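Me: I have a model open and would like to learn how to read it. Could you take me through it step by step?

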Amino acid sequence: MQSLAIQPLFDPGPRPTLAIVGRPERFPVRRIYCVGRNYAAHAREMGGDPDREPPFFFQKPADAVVADGADVPYPPRTDDLQHEVELVVALGRGGRNIPVAEAGALVFAQAVGIDLTRRDLQAAARKAGKPWDTAKAFDHSAPVGILHPVGPAGPLTRGRIWLAVNGDRRQQADLADMTWSVAEVIAELSTLFDLAPGDLIFTGTPSGVGSLLPGDRIDAGIDGLEPLVTRIVPPVA
Ligand SMILES: CC(=O)CC(=O)C(=O)O
């Protein structure tokens, strides 16, 4: 009998990958989950009440990742691109219904990330009760720095997180200010989705989010991790 080799209809292209400190291999990205309003001060600056509304989840496509400090083209259909610096964790193991006490062990590595947001589209979607995808899940919306494998202590629970635009400090807080810890985020997320190796989780941004323009240089950092540096460049013609 003739064997049928199943070929894809077209070349699906490479999976996005991230560099890892001290390792020759790269981390293949499967999905990107994000946490909204995980710092009380940011929830307030967005008009929310952190005492009444718990954090929540949304996603970006894996190919929104911007790796290796590449430039970010200013996206179309917005007049208000904004920065949101975040701790990003990269899962080396998956699972579902993970208890909080075991959740940290799923984390392979961590990095600095920026959840770029078309704030004007987000505000319009919120007002109309519509989804946020056009505001959050656009091309080049997820710059991520080099991954640092976690040690036996697991993912970071404290330390300064900050972001500067053209040298001006815009965001600064401590990871200890997160409403849900990394372990709590993973445990909660694993009740909603089957988590798997390759998943990235953006763990929420502190207050001080603000607008970006073509030509801006962004420096973002978290104590103990390699800073992320990227530039906003003119829109793709
Ligand atoms: C209001 C937001 O933009 C949600 C978000 O991305 C965050 O809080 O982080």
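Reply: Happy to; we will go through the ligand site, one residue beside it, and then some backbone angles. Keep in mind that this is a predicted model.

Me: Let's begin with the ligand. Which residues come nearest to it?

Reply: A good start is to list the neighbours. The shell around the ligand holds 15 residues, and those that come nearest are Arg-37, His-42, Glu-84, Asp-115 and Lys-136. By class, the shell divides into six charged, five polar and four nonpolar residues.

Me: Which side chains have an N or O atom close to a ligand oxygen?

Reply: Here one looks at distances between N or O atoms, with a cut-off of 3.5 Å for a polar contact. In the side chain of Lys-136, an N or O atom is 2.7 Å from a ligand oxygen. For the side chain of His-42, the corresponding distance is 3.1 Å. The backbone takes part in this list too: a polar backbone atom of Thr-205 is 3.2 Å from an oxygen of the ligand.

Me: How much of the ligand's area does the protein bury?

Reply: To read this, take the ligand alone and then with the protein around it. Alone, the ligand exposes 270 Å², and the protein buries 100% of that. The space the ligand takes is the largest cavity. Two elements each give two or more residues to the shell: strand β3 (32–36) and helix α3 (119–128).

Me: Glu-84 was on your list of neighbours. Is Glu-84 buried or exposed?

Reply: The relative accessible area decides, and a residue under 20% counts as buried. Glu-84 is at 3%, so it is buried. Its place is in the loop between β7 (81–83) and β8 (85–91).

Me: What does the side chain of Glu-84 make polar contacts with?

Reply: There are two partners to look at here. The side chain of Glu-84 contacts that of Arg-119 at 2.8 Å, and a contact of 3.2 Å joins it to the side chain of Lys-136. Lys-136 also has a side-chain N or O atom 2.7 Å from a ligand oxygen.

Me: And the backbone? Which sign of phi should I expect?

Reply: Most residues other than glycine have a negative phi. Asp-68 has a positive value, near 60 degrees, and is found in the loop between β5 (65–66) and β6 (72–73). With a relative accessible area of 55%, Asp-68 is exposed.

Me: Where is His-140 found, and what is its phi?

Reply: His-140 is found in the loop between α4 (133–136) and β11 (142–143). Its phi is positive, near 65 degrees. At a relative accessible area of 34%, His-140 is partly exposed.

How values were computed:
Residues numbered from 1 in each chain as written. Predicted model: local features only at pLDDT ≥ 70, side-chain atom pairs only at ≥ 80, totals over all residues. Heavy atoms only, no water. Near = heavy atom within 4 Å. Polar contact = N/O pair within 3.5 Å; in protein donor to acceptor, adjacent residues only side chain to side chain. Areas by Shrake-Rupley, 256 points an atom, 1.4 Å probe, with all protein chains shown as cover. 1 Å grid on protein atoms, 1.4 Å probe; cavity = no way out; pocket = protein on both sides within 12 Å on 5 of 7 lines; lining within 4 Å. Sits in = over half its atoms within 2 Å of the grid points. Helix = DSSP H or I, 4+ residues; strand = E, 2+ residues; numbered from the N terminus. Nonpolar A, V, L, I, M, F, W, Y, C, P; charged D, E, K, R; others polar. Buried < 20%, exposed > 50% of the residue type's maximum accessible area, 1.4 Å probe, protein only.
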